[in-house]
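Hi,

Here's the structure I promised to pass along. Have a look first, and my notes on one corner of the fold follow below.

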Amino acid sequence: MTIRAVVRGVGHYLPERVVPNSEFEATIDTSDEWIRSRSGIERRHFAAEGQTTSDMATRAAQAALAQAGLVPDDIDAIIVATSTADLTFPSAATMVQARLGMTRGFAYDMQAVCAGFVFALANANALILSAQARRVLVIGAETFSRLMDWNDRTTSVLFGDGAGALVLEGQEGMGDSTDRGILSLDLNSDGRHKDILYVDGGVSTGTTGHLRMMGKEVFRHAVEKLADTAHTALEKAGLTGGDVDWIVPHQANIRIIEATAKRMQVPMDRVIVTVQDHGNTSAASIPLALSVGVARGQIKPGDLIVAEAIGGGLAWGSVVLRW
Ligand code: UT7
């Protein structure tokens, strides 16, 4: 028997305020048409004043726990993937732990920007396989609206806020690719590409800073690297693109999503797409897409999923899991 990290519950939270593309037309030189055609984004959610990453993460966690039929003290560990924790420290994860009323276990953040959720899943999987935890709450939560330079039309129209969460539980499997749960992972980073996507603030500047991106460059890396990492992870699991029921991609740009699906030879009707409604929510985008995919009735138990993401660092990776 092999232990697998199996999804037992999923949930998400989106802030109430929905901002359509047209709202940007009043303040910067842009248009709904440009944003839609270049990115696929139609609207995004922005957190309310005072609403933080840990607030949204807690709501998503509560939804995932409810779906799993579990209470907070059934959880051994919380990992929050985020680049926008409420404070420099403590971690957003310990704030979530307190807000859930969870009095046991441990909690910490994981920072790999837009690829953060894939890295957090790898970490949770390792905790479960090494018997350090049986149930792990893995959350992706971001308030990227706080990092925007509202005068920069090349970035401010692309991002949104939100949170998604999974409850992973160690369960016995057969040790082959018919098992439910995480089947394989592929993680990568290349720190030489820092300057094409970063935030120009932090402890070294004494400011929060703003997101800076050379979009075209990031686009080029994304198209090249995402299909490759997905292929590698599938290969590790002894599977191919033909076995995939759903690609659940990081939701940055519909053109990147389509190009990756094409390179993987998976048709677009087997891709979960939420970018039109959420924009780019960084580490929250994959768990949000998983949760929405389940709520829409697309993702069903037993489906084979490959999720892939790339972001600042550059850091990128993918995970193959059976729902
Ligand atoms: O989550 C992390 C990973 N991030 C990503 O994956 C993002 C990757 N990059 C992208 O999604 C795309 O590169 C963008 C959506 C950011 C931009 O699309 P693009 O087709 O690469 O456009 P571009 O940057 O080449 O810009 C084309 C033109 C430029 O004008 P000129 O120089 O041709 O006169 C831009 O100044 O569009 C202009 N432009 C805009 N025009 C209207 C840039 N932003 C805007 C805007 N509205 N908001």
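Before the hairpin, one definition: two strands count as paired if DSSP finds at least two bridges between them. Keep in mind that this is a predicted model.

On that basis, strand β12 (residues 304-311) and strand β13 (residues 315-322) pair in the antiparallel sense over 8 bridges. Leu-304 of this pairing has Arg-322 in β13 as its bridge partner. The hairpin the two strands make has 3 residues between them, and Gly-313 there takes a positive phi near 145°.

What sits on the other side of the pairing list for β13? Strand β8 (residues 181-189) is also joined to β13, again antiparallel, by 8 bridges. One of the pairs to look at is Asp-186 with Ser-318 in β13.

β13 itself is mostly covered, with 8 of its 8 residues buried. Ala-315, Gly-317, Val-319 and Leu-321 point one way from the strand, while Trp-316, Ser-318, Val-320 and Arg-322 point the other way, and both sets are buried. So if you're colouring by burial, note that Arg-322 is in the buried group too.Back on β12, I also looked at Ala-307, which lies in that strand. Is Ala-307 buried or exposed? Ala-307 has a relative accessible area of 3%, and the cut-off for buried is under 20%, so Ala-307 counts as buried. Leaving out residues up to four places away in sequence, Ala-307 touches Val-118, Val-248, Ile-286, Gly-317, Ser-318 and Val-319. Leu-226 is 81 residues from Ala-307 in sequence, yet their C-alpha atoms are 9.6 Å apart in space.

Cheers

How values were computed: Residues are numbered from 1 along each chain as its sequence is written. This is a predicted model: local features need pLDDT of at least 70, side-chain atom pairs count only at pLDDT 80 or more; totals for chains, interfaces and linings use all residues. Side-chain values use heavy atoms; hydrogens and water are left out. Buried means under 20% relative accessible area, exposed over 50%, partly exposed in between (1.4 Å probe, protein chains only). Helices (H or I, at least four residues) and strands (E, at least two) are DSSP runs, numbered from the N terminus. Contact means heavy atoms within 4.5 Å.
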